[in-house]
Amino acid sequence: MRGMLLAEWTKFRSVRSTPILAAAIVVMSGVFGWMFGNVGATRYLEGTVQEQLEFVPLHAGTRGILLVQLLVAGLGVLVATSEYNFGTMRASAAAAGRRERLPVVKSVLVVLVVLPVGLVSALAVFLTSQTTLAMAGAPRAWFGDPMVIRFLLLTPVVLALLALFGLALGFLLRGTAAAANVSTAFLLIPALSEIAPAVHSFVVVYWPNAAGFQAMAMVEASRLGIWAGLGLLLAFVATMLTATLVRFRTRDV
């Protein structure tokens with residue numbers, strides 16, 4: 001298993017798009033933090049007294065994670081589909097001995113890569129957003145706040161699970177464009193559900209990535225706690241990975 005993991009790490013570094021995307025996730029986290037920090041500061045300074053009293057700096061500044069999740073899922077997609085794109089999947093599956101070992105090892109690699117990337121991204125979006133809020137004269141959140149600690153600790157976990165979701169889609173759909181488009185559409189459904197009021201209240205609570213964001217303390221009115229939110233997202237990702245293993249084992253690569 002260790003040898004396979006080292007081989008997968010070599011593939012990850014060798015395909016130019018994957019390390020570039022991993023670096024872009026961190027950079028764009030800082031950019032999104034600055035952007036949403038400015039938006040939050042403007043809303044605070046131009047808001048009514050009641051709106052200012054209800055202002056939550058952490059929620060206002062860290063909304064960039066809603067966009068970062070798309071890049072993270074895309075990274076998971078690329079880890080799988082790059083093998084199909086270069087025609088090496090059959091050789092990799094043969095080298096694994098038991099075919100189902102390959103998705104398992106790739107899943108481990110994705111987690112080992114995304115956890116540190118997610119932590120740095122969480123710090124980047126937090127520091128840039130809160131610094132921007134403070135410089136504009138709006139309230140800021142800082143490290144002593146329990147909600148901040150919760151955000152920083154759980155963001156890497158949620159992002160790693162979303163990367164595994166992207167990996168599963170990559171294996172199931174076998175194409176970068178198809179898997180990336182499906183993952184983007186799926187992850188944006190909570191944000192777009194306002195156009196369908198009949199399902200909006202359900203989607204913003206129980207949709208897998210929405211549940212994960214509630215665990216991270218990223219939403220103002222959370223109906224799910226830490227464990228319920230993480231559990232729902234974990235169950236969804238586990239189902240996707242199980243389907244991936246079954247499909248990969250039973251069909252031609």
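Colleague: Hi! Is Leu123 buried, exposed or partly exposed?
Modeller: Leu123 is partly exposed, because its relative accessible area is 30%, and partly exposed covers what lies between under 20% and over 50%. Keep in mind that this is a predicted model.

Colleague: Thanks! And where is Leu123 placed?
Modeller: You'll find Leu123 in helix α7.

Colleague: Which residues form a nonpolar patch on the surface with Leu123?
Modeller: Its partners there are Leu119, Leu127, Trp142, Phe143, Ile149 and Leu153, and the patch has about 570 Å² of accessible area together. Two or more residues come from each of α7 (101-135) and α8 (146-173).

Colleague: Which element gives the most to that patch?
Modeller: That would be α7, with three residues.

Colleague: Let's go inside. Which residues touch the most other members in the largest nonpolar core?
Modeller: Ile65, Leu75, Val114, Phe151 and Met216 do, out of 61 residues in that core. Helix α8 gives the most to this core, with 16 residues.

Colleague: What is Met216 in contact with, beyond its neighbours within four places in sequence?
Modeller: Met216 is in contact with Ile65, Arg150, Phe151, Leu154, Thr155 and Val158. Apart from the largest core lies another one of six residues, including Ala41, Phe55, Ala60 and Ala138.

Colleague: New topic: Ser193. Is that residue buried or exposed?
Modeller: Ser193 counts as buried because its relative accessible area is 5%, and buried means under 20%. Its place is in the loop between α9 (176-192) and α10 (197-206).

Colleague: What does the side chain of Ser193 reach?
Modeller: It reaches the backbone oxygen of Pro190, at 2.8 Å. Leaving aside neighbours within four places in sequence, Ser193 is also in contact with His200, Val203 and Val204.

Methods
Residues are numbered from 1 along each chain as its sequence is written. This is a predicted model: local features need pLDDT of at least 70, side-chain atom pairs count only at pLDDT 80 or more; totals for chains, interfaces and linings use all residues. Side-chain values use heavy atoms; hydrogens and water are left out. Patches are made of residues with over 30% relative accessible area and no salt bridge: like charges are joined within 9 Å, nonpolar side chains (Val, Leu, Ile, Met, Phe, Trp, Tyr) within 5 Å. Accessible areas come from the Shrake-Rupley method with a 1.4 Å probe; for residues, only the protein chains shown count as cover. A salt bridge is a side-chain nitrogen of Lys or Arg within 4 Å of a carboxyl oxygen of Asp or Glu. Helices (H or I, at least four residues) and strands (E, at least two) are DSSP runs, numbered from the N terminus. Buried means under 20% relative accessible area, exposed over 50%, partly exposed in between (1.4 Å probe, protein chains only). A nonpolar core is a set of buried Ala, Val, Leu, Ile, Met, Phe, Trp, Tyr and Cys residues joined through side-chain atoms within 4.5 Å. Contact means heavy atoms within 4.5 Å. A polar contact is a pair of N or O atoms within 3.5 Å; within protein, one must be able to donate a hydrogen and the other to accept it, and residues adjacent in sequence count only if both atoms are side-chain atoms.
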